[in-house]
Amino acid sequence: MNSLTTFTFENHVAHGAVVRLRAGVSELFGNREYSESVRDLLSQALVAMPLFATHLNFEGRINLQFQALPETRSIRKAKTDLLVAQIDHELNVRAMAKAPPDLEGTFQEMLLGGVLALMVEPRESGRPSSQALVLIEGEKLQNALEHYFARSEQLPTFIRLAVRGDELAAFMLQRMPLESSEGNEADWEHLRILAQTVKDEELLADDAEQLLNKLFIDAPPIRMFEPREITVRCNCDRAGISRLLISLGQEEVESILAEQGNVAVTCEFCGLDYAFDKKEAIELFKAADLPTPDTRH
């Protein structure tokens, strides 16, 4: 099961989360042509998103988005054009990237020259959206995310992201405000040192309980919460693509049909193709013109 397991220490010095993703990863990435480096970075972004969801206490969505900046004399254009990872309050997660199919390199080499932004989008219209920048710093994405939490949340945070093919895992340990805990800075430092011993192999192989018991055998008691299921999938479907075509207008769709014989739309996230022949496209607009059924009795 794809899972998010959160935990806290009984002295309230720190809390954290363990994420494991397996199901759906291959299907999400399988229709897109990604290089090994891009797919690895995209996998790290995908498995990191549930860590942010531990802070989501309302209905909505969190986006982690990288956007290349225009090249100037002082800033070179990033080699990656776009990277987006999303998670919502129901723990549906997906990610995509736009980059040359042969792009290889380190985190810094692929993203330097762009901006990584974290955007919180509440579903309720009355709640304001927010955006914060995650600087392209450190050797890996996990280092950049650690810096983000330290700056925006003012809470020291330790993060590890592990990828082995379609097996993904993440670990986070975050200090809580010490004034409301039963410990001190030395207690936090002890937990952080223990957490730093985690190896990618352990993170990928052990379940959450095994991992935490192994890491924190010499630590205050831990309270683990019931694992929550994560769904890795794109939310595109034929109905949504149909609404997109209707929004283009019948004249535009008929123009495409006259030129190409059908209308083909590729999902930006998962790369799945949706095709509509002339008959199907015409039926869309006929259905859109139907009056709303009278449900009065």
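User: What share of the 297 residues in the protein chain is buried?
Analyst: The model is predicted. A residue counts as buried under 20% relative accessible area. On that basis, the buried share of the 297 residues in the protein chain is 45%.

User: How many helices and strands does the protein chain have, and what does its C-alpha trace span along the principal axes?
Analyst: The secondary structure comes to 10 helices and 14 strands. Along the principal axes, the C-alpha trace of the protein chain spans about 70 × 65 × 35 Å.

User: Which residues gather in a patch of negative charge on the surface?
Analyst: Asp and Glu count as negative. Patch members need over 30% relative accessible area and no salt bridge. The residues that gather in this surface patch are Glu33, Glu36, Asp40, Asp102 and Glu104.

User: Is aspartate 102 buried or exposed?
Analyst: Aspartate 102 sits in the loop between β5 (92-98) and α3 (107-111). The cut-off for exposed is over 50%. Aspartate 102 has 63% relative accessibility, so the class is exposed.

User: How many salt bridges does the count come to?
Analyst: The rule asks for a side-chain nitrogen of Lys or Arg within 4 Å of a carboxyl oxygen of Asp or Glu. One pair under this rule is aspartate 81 with lysine 77, whose closest N and O atoms are 2.8 Å apart. The count comes to 14 salt bridges.

User: How many residues apart are aspartate 166 and arginine 39?
Analyst: Their side chains meet in a salt bridge, 2.4 Å from N to O. Aspartate 166 is in the loop between β8 (157-164) and β9 (167-175), while arginine 39 is in helix α2 (residues 36-53). The pair links distant parts of the chain, and the separation is 127 residues.

User: What is the accessibility class of aspartate 166 and of arginine 39?
Analyst: Partly exposed runs between the 20% and 50% cut-offs. Aspartate 166 has a relative accessible area of 29%. Arginine 39 has 25%. Therefore both aspartate 166 and arginine 39 are partly exposed.

User: Where is the lysine 98 that pairs with glutamate 268?
Analyst: Glutamate 268 forms a salt bridge with lysine 98, with the closest N and O atoms 3.2 Å apart. The two are 170 residues apart, and glutamate 268 lies in the loop between β13 (262-266) and β14 (273-277). Glutamate 268 is partly exposed at 44%, and lysine 98 is partly exposed at 35%. Lysine 98 is in strand β5.

User: Which residues are linked in a network of salt bridges?
Analyst: Arg counts as positive and Glu as negative. The network links Arg22, Arg164 and Glu167.

User: What kind of aromatic pair do phenylalanine 7 and phenylalanine 9 form?
Analyst: A search of the whole structure finds 10 aromatic pairs. In the pair of phenylalanine 7 and phenylalanine 9, the centres are 6.0 Å apart and the planes meet at 80°. Planes over 60 degrees apart count as edge-to-face. The pair is edge-to-face.

User: Are phenylalanine 7 and phenylalanine 9 buried or exposed?
Analyst: Phenylalanine 7 has a relative accessible area of 1%. Phenylalanine 9 has 0%. Under 20% counts as buried, so phenylalanine 7 and phenylalanine 9 are both buried.

User: Which residues form the aromatic cluster with Phe7 and Phe9?
Analyst: Phe7 and Phe9 belong to one aromatic cluster. The other members are Phe158, Phe171 and Phe216.

User: Why do the rings of phenylalanine 52 and phenylalanine 149 count as stacked?
Analyst: The ring centres of phenylalanine 52 and phenylalanine 149 are 5.4 Å apart. Planes under 30 degrees apart count as stacked. The planes of phenylalanine 52 and phenylalanine 149 are at 20°, so the pair is stacked.

User: Which parts of the chain do phenylalanine 52 and phenylalanine 149 tie together?
Analyst: Phenylalanine 52 is buried at 4%. Phenylalanine 149 is buried at 2%. The parts are 97 residues apart in sequence: phenylalanine 52 lies in helix α2, and phenylalanine 149 in helix α4 (residues 141-153).

User: What is the phi of histidine 12?
Analyst: Most residues other than glycine have a negative phi. Histidine 12 lies in the loop between β1 (3-9) and β2 (14-21) and is partly exposed at 35%. Its phi is positive, near 60°.

User: What is the phi of leucine 91?
Analyst: Leucine 91 lies in the loop between β4 (82-88) and β5. Leucine 91 is buried, with a relative accessible area of 1%. Although leucine 91 is not a glycine, its phi is positive, at about 65°.

How values were computed:
Residues numbered from 1 in each chain as written. Heavy atoms only, no water. Patch = residues over 30% accessible without salt bridge, like charges linked within 9 Å, V, L, I, M, F, W, Y side chains within 5 Å. Areas by Shrake-Rupley, 256 points an atom, 1.4 Å probe, with all protein chains shown as cover. Charge placed at Lys NZ, Arg CZ, Asp CG, Glu CD. Helix = DSSP H or I, 4+ residues; strand = E, 2+ residues; numbered from the N terminus. Buried < 20%, exposed > 50% of the residue type's maximum accessible area, 1.4 Å probe, protein only. Phe/Tyr/Trp six-rings, centres within 6.5 Å; stacked < 30°, edge-to-face > 60°.
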